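Please work through the following exercises with the sequence and the model at hand. Each one sets a task and then solves it step by step.

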Amino acid sequence: MRHLISPLDFTVEELDRLLDLAGDIESHPEKYAHACAGKKLATLFYEPSTRTRLSHEAAMLNLGGSVLGFSSADSSSAAKGESVADTIRMISCYADICAMRHPKEGAALVACEHSSIPVINAGDGGHQHPTQTLTDLLTIRSLKGRLDHMKIGLCGDLKFGRTVHSLINALVRYPGIEFVLISPEELRLPSYIRHDVLDKNNIPYEEVVRLEDALPELDLLYMTRVQKERFFNEEDYVRMKDFYILDAKKMAHAGPDMLVLHPLPRVNEISVEVDKDPRAAYFKQVQYGVYVRMALILTLLEIEV
Ligand code: CP
């Protein structure tokens with residue numbers, strides 16, 4: 001039985017097959033409409049979510065399966081003190097596969113150690129968000145035609161942004177990838193990722209503070225929200241929250257083919273005027289998230305169509 005806890009749980013070849021499957025689902029959705037008939041997905045969300053929970057649910061419904069779950073810790077027996085380990089034992093009796101989001105780093109790993117069904121990590125604290133990474137990879141491959149030889153700007157809260165951590169881990173496996181890490185000093189990428197992932201894999205990167213300076217040379221800009229929920233005090237968050245605002249004036253510095261991605265939700269970091277720019281791909285990204293989660297559910301349940 002397989003789980004998805006980290007983006008590295010799939011080899012590059014397996015990832016290619018998964019993205020190919022997602023592409024086939026996009027082209028021929030009717031072929032897959034009953035693939036999961038009789039199967040159930042449980043969504044265990046101890047933290048707020050719109051996209052990740054609902055896209056997993058939409059994915060299972062599109063495959064002809066059904067869904068059950070909870071959308072906050074308060075509405076589950078976690079509020080009475082039940083552990084993740086005990087909860088997952090129960091869920092294994094109710095469902096065939098589950099997606100779990102939890103505020104603690106490593107919670108999904110604990111869950112898979114006590115589970116008899118596949119566990120999908122739907123975000124564990126500031127650590128990883130592998131299904132967002134699958135979404136990002138499918139978006140990039142579909143819109144750019146490749147996952148290699150690109151200069152990628154990662155901008156915003158690189159310290160707490162788990163989507164960035166997962167994406168870096170996944171992309172360093174492709175040739176010719178370079179990063180520009182764009183953040184204020186306080187929100188720099190953690191040193192364990194700079195040293196253990198970028199340096200160890202000899203990945204070229206630079207760290208800059210000004211977004212305008214980086215824009216002209218980028219193939220892709222990945223914007224992120226300042227992660228309010230991970231700050232220890234409100235004052236620091238308020239000081240940081242509007243550090244970057246991508247607007248039409250800044251977009252004028254970027255090349256004609258530079259894509260803008262964002263895992264969403266957005267707060268102020270991308271002005272709504274950018275939405276109509278053809279380089280803005282963050283709403284297309286949401287649709288790719290459904291196809292790739294359909295492919296993931298089929299893969300983890302070992303269902304071939
Ligand atoms: N991208 C993402 O994880 O969004 P949600 O928090 O709404 O699930």
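**Exercise 1: the second largest pocket**

The second largest pocket is lined by Arg 2, Phe 10, Glu 14, Arg 17, Leu 18, Leu 21, Thr 299 and Glu 302. The model is a predicted one, in which local features need pLDDT of at least 70 and side-chain atom pairs count only at pLDDT 80 or more, while totals for chains, interfaces and linings use all residues. Residues are numbered from 1 along each chain as its sequence is written, and side-chain values use heavy atoms, with hydrogens and water left out.

Task: state the volume of the second largest pocket, which helix gives the most to its lining, and how the lining residues divide by class.

Solution. Begin with the term: on a 1 Å grid over the protein atoms alone, a pocket is an open set of points with protein on both sides within 12 Å along at least five of seven lines, a cavity is a set of points where a 1.4 Å probe fits but cannot get out, and lining residues have an atom within 4 Å of a point. The volume is the space filled by probe spheres set on the points, which are joined across faces, edges and corners, and for the second largest pocket it is about 170 Å³. Next, helix α1 (residues 12-27) gives the most to this lining, with four residues; helices here are DSSP runs of H or I with at least four residues, strands are runs of E with at least two, and both are numbered from the N terminus. Finally, the lining divides into three nonpolar, one polar and four charged residues, where Ala, Val, Leu, Ile, Met, Phe, Trp, Tyr, Cys and Pro count as nonpolar, Asp, Glu, Lys and Arg as charged, and the others, Gly among them, as polar.

**Exercise 2: the largest pocket and a cis bond**

Task: find which residues lie nearest the centre of the largest pocket, and describe the peptide bond from Leu 264 to Pro 265.

Solution. The largest pocket has a volume of about 380 Å³. Of the 21 residues that line it, Arg 101, Arg 162, Arg 225, Leu 264 and Pro 265 lie nearest its centre. The elements giving two or more residues to this lining are α2 and α6 (162-171), and by class the lining has four nonpolar, 10 polar and seven charged residues. Turning to the bond, the peptide link from Leu 264 to Pro 265 is cis, with omega near 5°, and Pro 265 has its place in the loop between β9 (259-261) and α11.

**Exercise 3: the cavities**

Task: establish how many cavities of 30 Å³ or more the whole structure has, and give the volume and lining classes of each.

Solution. The search finds two such cavities. The largest holds about 60 Å³ of space, and its lining, which includes Arg 225, Val 226, Lys 241 and Glu 269, has six nonpolar, two polar and three charged residues. The second largest has a volume of about 40 Å³; Arg 225, Val 226, Lys 241 and Glu 269 are among its lining residues too, as is Tyr 237, and the classes are three nonpolar, one polar and four charged.

**Exercise 4: aromatic pairs**

Task: count the aromatic pairs, and explain why the rings of Phe 231 and Tyr 237 are classed as they are.

Solution. Rings of Phe, Tyr and Trp (its six-membered ring) pair if their centres lie within 6.5 Å, and planes under 30 degrees apart count as stacked, over 60 as edge-to-face and the rest as tilted. By this rule there are six pairs. The ring centres of Phe 231 and Tyr 237 are 5.8 Å apart and the planes stand at 70°, so this pair is edge-to-face. Tyr 288 and Tyr 291 also form an edge-to-face pair, because their planes stand at 70°, with the centres 6.5 Å apart. Tyr 288 and Tyr 291 are three residues apart in helix α11 (residues 282-300), and so are separated by about one helical turn.

For burial, the cut-offs of relative accessible area are under 20% for buried, over 50% for exposed and partly exposed in between (1.4 Å probe, protein chains only). Phe 231 is buried at 16%, and Tyr 237 is buried at 9%. Phe 160 joins Phe 231 and Tyr 237 in one aromatic cluster.
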